[in-house]
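Please find below a colleague's note on the structure, written for a reader who is new to such descriptions. It is best read with the sequence and the 3D view side by side.

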Amino acid sequence: METIVEIRDLKKTYAGGFEALKGVNLSINKGEILALLGPNGAGKTTLISTICGITNPGAGSVTVNGHDVVSAYRDARRLIGLVPQEINLEPFTRVKDTVAYSRGLFGKPKDDALIERILRQLSLWDKRMSRTFELSGGMKRRVLIAKALSHEPEVLFLDEPTAGVDVELRKDMWDVVAGLKAQGTTIILTTHYIEEAEAIADRVGVINGGQLLLVEEKAALMKRLGQKVLQIDLQTGIAQVPEALSEYDLELIEGGQALRYSYDTRGERTGITQLLSDLSAVGLNLKDIQTEQTSLEDIFVGLVKEGAA
C-alpha cells in the first residue's frame with residue numbers, strides 16, 4: 001500500500017526532562033483508519049501535535065506525502081486536517097461561516113458548493129445558520145470535523161473525537177468516519193474507547209510511555225493474540241488441581257469451585273475433548289461449561305502492562 005505519513009525515530013523531550021516520545025517509528029497507509037490506543041500521558045496527543053506542526057520534534061523526522069513537517073511545513077500542513085480534543089469554537093459565529101472561514105485560513109478560494117457538501121455529509125446543513133453556542137456537544141464535534149475538512153485535506157487526525165459524547169452519538173460519529181474513509185481520506189484517531197478501535201479501525205497501534213508497543217492489522221492482532229477461555233464449573237469444589245491434569249495448565253478459581261482453561265483459537269485442536277475425558281477419569285463431575293473470547297481490551301491491557309514492566 002502507498003504510504004502517506006512516514007515517521008522515523010521521532011523523539012520529544014519537554015522542559016524538565018520529560019520524554020513524551022522515545023523514538024517512534026510508524027508508516028501510515030493512504031486511505032486507512034489507524035487507531036492509536038494508550039492511557040493518559042502515553043504520548044498520543046504529543047505524537048499527533050508533532051505531525052500537525054503544533055509541537056516541534058526534538059529529533060527524528062515526519063513527512064506527509066513526502067513533505068517534511070519542519071522544512072516544508074506549509075506543504076505538509078495543507079494536507080492535514082486536525083480535530084482537537086477540546087471544543088473551542090467562537091460561540092456567536094454561524095456554523096456555515098465558521099467552516100468557510102477555516103477554508104480561508106489555508107488560502108483556499110471560496111467554494112460554497114463544497115461547504116454545503118461537507119455540512120450535508122456531517123448532518124449539519126439544517127444547522128448551518130445556527131450559532132455554535134446553540135448546538136449540542138455532539139453537533140459541536142461535527143462542526144470541528146467540518147472545519148478540519150474545509151480545506152480538503154488528505155489526512156485527518158481525530159484526537160479523542162467522541163470524548164464526552166453519548167453512546168448513540170458515538171456510533172453516529174463512527175458512521176461519519178467510515179464515510180470519510182470511503183471517500184479516500186486517511187484517518188488517524190486517538191481514543192480511550194477500546195470498542196471504538198474495534199469497530200472502525202483497519203489497524204491498531206498501542207502507545208505507552210512514549211513508545212509504540214505494537215502496530216498491526218486489527219483482524220490479525222485479534223487472531224494472533226486472541227484466546228478463548230473455557231470455564232468449567234465443578235459439582236464439588238477441590239483444594240488443588242489433580243496432578244494427572246498438570247499438562248493442561250489449569251487455573252483453579254472461585255474458591256476451588258471452577259477451573260479455567262485457555263486455548264489458542266488458531267490451533268488445529270483445542271484439547272477440550274481430551275480434557276473433558278481426563279476430568280471424568282480423575283473423578284471430577286461437571287456442573288456447567290462456558291467460554292469467553294479475548295477482547296481487544298484484554299489485549300490492550302496486557303500490552304500496556306508488558307510495556308510498563
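The numbered points below treat the sheet, the helices that lie across it, two single residues and two pockets.

1. The model discussed here is predicted. Its open sheet has six strands, in the order β6-β7-β8-β3-β9-β10, and the pairing is mixed. At the edges stand β6 and β10 (211-217), each of which pairs on one side only. On average, neighbouring strands of this sheet are turned by 15° against each other, direction ignored. A general point may help here: strands of a sheet pair through backbone hydrogen bonds, either parallel or antiparallel.

2. Strand β3 (residues 33-37) runs parallel to strand β8 (residues 186-191), and five bridges join the two. One such pairing sets Leu36 against Thr190 in β8. With β9, strand β3 also pairs in the parallel sense, here over four bridges. Among the partners, Leu34 is matched with Arg203 of β9, and Leu37 is matched with Val206 of β9.

3. How far is β3 covered by its surroundings? Five of its five residues are buried. In a regular strand the side chains alternate between the two faces of the sheet. In β3, Ile33, Ala35 and Leu37 lie on one side, Leu34 and Leu36 lie on the other, and all are buried, which leaves both faces covered.

4. Strand β9 is likewise mostly covered, with six of its six residues buried. Arg203, Gly205 and Ile207 point one way from β9, while Val204, Val206 and Asn208 point the other way, and all of them are buried. The student should note that this list includes Arg203 and Asn208.

5. β9 pairs with β10 in the antiparallel sense over six bridges. Asn208 stands opposite Gln211 in β10. The two strands form a hairpin with two residues between them, and in this turn Gly209 has a positive phi of about 60°.

6. Helix α1 lies across β3, β6, β7 (155-159), β8 and β9 (203-208), and it runs at about 150° to β7. Seven of the eight residues of α1 are buried, so this helix is largely enclosed by the rest of the structure. The buried residues are Lys44, Thr46, Leu47, Ile48, Ser49, Thr50 and Ile51. After α1 comes Gly53, with a positive phi near 85°. Helix α5 lies across β6 and β7, running at about 165° to β6.

7. Is Ser49 buried or exposed? Ser49 belongs to helix α1 (residues 44-51). Its relative accessible area is 12%, and because buried means under 20%, Ser49 counts as buried. Leaving aside neighbours within four places in sequence, Ser49 is in contact with Ile54 and Thr55.

8. Val64 lies in strand β4 (residues 59-64). Val64 is buried, because its relative accessibility is 0%. Not counting residues up to four places away in sequence, Val64 touches Ile4, Val5, Ile51, Val69, Ala76, Leu79, Ile80 and Val155. The C-alpha atoms of Val64 and Arg77 are separated by 8.3 Å, the two residues being 13 apart along the chain.

9. The largest pocket has a volume of about 310 Å³. Its lining consists of 15 residues, and those nearest its centre are Arg77, Leu82, Pro84, Ser102 and Lys147. At least two lining residues come from each of β6 (80-83), α3 (95-105) and α5 (137-149). By class, the lining divides into eight nonpolar, four polar and three charged residues.

10. The second largest pocket holds about 240 Å³ of space. Which element gives the largest share of its lining? Helix α4 (residues 112-121) does, with four residues. The lining includes Leu114, Arg117, Ile118 and Gln121, together with Leu149, Glu152, Pro153, Glu154, Leu180, Gln183, Gly184 and Thr185. Five of the lining residues are nonpolar, four are polar and three are charged.

Definitions and conventions: Residues numbered from 1 in each chain as written. Predicted model: local features only at pLDDT ≥ 70, side-chain atom pairs only at ≥ 80, totals over all residues. Heavy atoms only, no water. Buried < 20%, exposed > 50% of the residue type's maximum accessible area, 1.4 Å probe, protein only. Contact = heavy atoms within 4.5 Å. 1 Å grid on protein atoms, 1.4 Å probe; cavity = no way out; pocket = protein on both sides within 12 Å on 5 of 7 lines; lining within 4 Å. Points joined across faces, edges and corners; volume = space filled by probe spheres on them. Nonpolar A, V, L, I, M, F, W, Y, C, P; charged D, E, K, R; others polar. Pairing = 2+ DSSP bridges. Axes fitted to C-alpha atoms, helices over the stretch in contact; angles between N-to-C directions.
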